[in-house]
Amino acid sequence: MKKIIFLLLCSVTLSCSVDDNSSNSYQELLPIESVMLPEQFTLNQTYEITLSYINTTDCHVFNDIYYLKENNTRTLSVITTVFLGNGPCSQRQDELQASFNFTASNTSPYTFKFWKGKDNNGEDIYLTVEVPVVE
């Protein structure tokens, strides 16, 4: 029994990493510059929605799309991971795209709020688009 406990303790100890890489990166939202979406949705059909954003440094790497669903409102932004510790980040202004699939599952219009950044007062700015649904 002591051998089993010793082996379990060793495996737990060896599986733990002493390197904490969490301080070498963090996530950051980038504003959406433009969006490609249809003028209307057809009920139960799936559409690809494409977001364009500006990658500001070579330390920023696309991670995911921030997607908050509240009733028929969708709030979106681009999530990047910023990697530090590999030297200074070079500034850039590359326009990149990310897409996701969306299915209109009810007949009420959908409101999309695409995050555009913050204003001079630190308030969030959104491009808001309402898309009707037809049957």
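This is a guided tour of a predicted model, moving from the whole chain to one sheet and then to a nonpolar core.

Local features need pLDDT of at least 70 and side-chain atom pairs count only at pLDDT 80 or more, whereas totals for chains, interfaces and linings use all residues. Residues are numbered from 1 along each chain as its sequence is written, and side-chain values use heavy atoms, with hydrogens and water left out.

Begin with the protein chain in cartoon view, where one helix and ten strands appear (DSSP runs, H or I of at least four residues for helices and E of at least two for strands, numbered from the N terminus). Of its 135 residues, 28% are buried, meaning under 20% relative accessible area with a 1.4 Å probe, protein chains only.

Next select residues 32-36 and 91-103, which are β2 and β7, the edge strands that each pair on one side only; here, pairing requires at least two DSSP bridges between two strands. Adding β4 completes an open, antiparallel sheet in the order β2-β4-β7. Strand β4 covers residues 46-57 and is joined to β2 by four bridges; to see one partnership, select I32 together with Y53 in β4.

Now show the side chains of F41, I49, L51, F102 and F112, which touch the most other members of the 20-residue largest nonpolar core, a set of buried Ala, Val, Leu, Ile, Met, Phe, Trp, Tyr and Cys residues joined through side-chain atoms within 4.5 Å. The most residues come from β4, which gives four to this core.

Finish by centring on I49, which, leaving aside residues up to four places away in sequence, touches a set of residues including V35, L37, F41, A98, F102 and F112 (contact means heavy atoms within 4.5 Å).

Technical notes. Buried means under 20% relative accessible area, exposed over 50%, partly exposed in between (1.4 Å probe, protein chains only).
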